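Please walk through the model below one part at a time, keeping the sequence and the 3D view side by side.

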Amino acid sequence: MSAVIFQPTDLVGSKRRAFLDAAKNGRARLRDSDGTSIVALSEAELEALDLIAVWSGERDRLFRMLLASEHPLTTLELGSLAWLHSLDREDQFVFATELREALTLALSRRDGAPIRDTVHAWQVTATEMEDPSRRTILLHGFDEKEFVDAGHDLGEASAR
Amino acid sequence: MKSDAGHAYHPLWVTARPSGKPSSAPIYRVLVERKFHRFWLELPTRVGVEAATQFWDHVAMTPGLVPAINGSCILRGAAGKPKGDGWSRTIHYEVSSMARINYQFHNAYRTTPDGVPHPIVAILTINYSSH
């Protein structure tokens, strides 16, 4: 963190731009008249740090539960991760691993996007796996006998 | 050459584009899983012809690219694994907020070991519920 400590009066004075630039480039430190130290940083970085904090905790909790139990985790046990319920234990372990990788990347980049992208993709996957028909098809191999041409009816339907 | 809707996949049958003939020939033959064929027929009605055509153009021409307009992601874990050698991972395409399609593609699929390789897209599932 920068050694420069701004004063409240700097926010309306000639150092206002320096304060804003310091905040955008990392951290800007300000000491209030009562001695309170305040730190300003970009909202994007703060969001990234919040995401890292939240998902680090979630990831550790999930990993502990998976290691502690051999039976499928219930929705009550999963709690805020209940959306993982449609996935089997192996997939839940993979999620925990990918989340760890995303956390590492997010921290190194100071960017929450790796976490958001990873969580989003897994949430989408879990939703698609909730339906038994979709689940069966997604998990099974390709059997061309089970597929048909899209067919000319689609074109006729759209023309009505 | 047209195919009758619902008949088994025939490599020489041409598939249909929702809004009619495209300006250039489709590269990939588009197949749909039998259980979701009726969902496929509903697509233009559910999302509109323009959105259905955008999806069609995407999978018929560039199924491996990130869509220019709509959101997409790769399904994770077992649901995302390729169906076999040469198959892509499972791509999840958001046609609209109320229509999502999962598909895989193969650039050189053979119906028989000595058959002619041809690129195909297999539409696996269609989901009309909101997320």
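In this predicted model, helix H5 (residues 113–128) of chain A lies across four strands of chain B: S2, S3 (91–96), S4 (99–109) and S5. The helix runs at about 85 degrees to S2(B).

The strands under this helix belong to an open sheet of six strands, with the order S4(A)-S1(B)-S5(B)-S4(B)-S3(B)-S2(B) and mixed pairing. Strand S4 (147–149) of chain A and strand S2 (72–74) of chain B stand at the edges, each with a single partner strand, so one side of each is left without a neighbour in the sheet. On average, neighbouring strands of this sheet are turned by 30 degrees against each other, direction ignored. As background, strands of a sheet pair through backbone hydrogen bonds, either parallel or antiparallel.

Which sense of pairing joins strand S1 (residues 29–33) of chain B and strand S5 (residues 118–127) of chain B? These two strands pair in the parallel sense, over four bridges. Within this pair, B:Val32 has B:Ile123 in S5(B) as its bridge partner. Elsewhere in the sheet, S3(B) and S4(B) pair in the antiparallel sense over five bridges, and a hairpin of two residues joins S3(B) to S4(B). One bridge between S3(B) and S4(B) links B:Ile91 with B:Tyr103. S2(B) and S3(B) are also antiparallel, with three bridges, and here B:Ser72 is partnered by B:Tyr93 in S3(B).

Chain B can also be read along its sequence. It has two helices and five strands, which follow the pattern β-α-α-β-β-β-β. Of its 131 residues, 42% count as buried. Among the contacts in chain B with a separation of 6 or more, 50% are between residues 24 or more positions apart.

Next comes the nonpolar core. The largest one has 52 residues, and those with the most contacts inside it are B:Leu31, B:Tyr103, B:Val121 and B:Ile123. S5(B) gives the largest share of this core, six residues. What does B:Ile123 touch, leaving aside its neighbours within four places in sequence? B:Ile123 is in contact with B:Val30, B:Leu31, B:Val32, B:Glu33, B:Phe36, B:Trp40, B:Ile101 and B:Tyr103. Two of these partners, B:Leu31 and B:Tyr103, are themselves listed with the most contacts inside the core.

Chain A is divided by its domain assignment into domain 1 (5–41) and domain 2 (44–139). The C-alpha centres of the two domains lie 38 Å apart.

Helix H2 (residues 43–68) of chain A offers a simple check on length. At 1.5 Å a residue, its 26 residues should span 38 Å, and its end C-alpha atoms are 37 Å apart, which agrees. The buried residues of H2(A) are A:Ala48, A:Leu51, A:Trp55, A:Arg59 and A:Leu62. An α-helix has 3.6 residues a turn, so residues three or four places apart point the same way. The buried residues of H2(A) pack against helix H4 (89–109) and H5 of chain A.

The loop between H4 and H5 of chain A contains A:Arg110. Most residues other than glycine have a negative phi. A:Arg110 is not a glycine, yet its phi is positive, about 55 degrees. Is A:Arg110 buried or partly exposed? A residue needs 20 or more C-beta neighbours within 10 Å to be buried and 12 or fewer to be exposed; A:Arg110 has 15 and therefore counts as partly exposed.

Chain A also has an open sheet of three strands, in the order S1-S2-S3 with mixed pairing. Its edge strands are S1 (5–6) and S3 (37–40), each of which pairs on one side only. Strand S2 (residues 28–31) of chain A runs antiparallel to S3(A), and four bridges join them. In this pair A:Arg29 stands opposite A:Val39.

A:Val4 sits in the segment before S1 of chain A. Not counting residues up to four places away in sequence, A:Val4 touches A:Ala22 and A:Arg29. A:Ala22 is 18 residues from A:Val4 along the chain, and their C-alpha atoms are separated by 9.2 Å. With 14 other C-beta atoms within 10 Å, A:Val4 is partly exposed.

Key:
Residues are numbered from 1 along each chain as its sequence is written. Chains are lettered from A and ligands numbered from 1 in the order in which they are written. This is a predicted model: local features need pLDDT of at least 70, side-chain atom pairs count only at pLDDT 80 or more; totals for chains, interfaces and linings use all residues. Domain bounds come from an automatic or database domain assignment. Two strands pair if DSSP finds at least two bridges between them. Axes are lines fitted to C-alpha atoms, for helices over the stretch in contact, and angles run from 0 to 180 degrees between N-to-C directions. Two residues are in contact if their C-beta atoms, placed from the backbone, lie within 7 Å. A nonpolar core is a set of buried Ala, Val, Leu, Ile, Met, Phe, Trp, Tyr and Cys residues joined through C-beta atoms within 7 Å. The expected span of a helix is 1.5 Å times one less than its number of residues.
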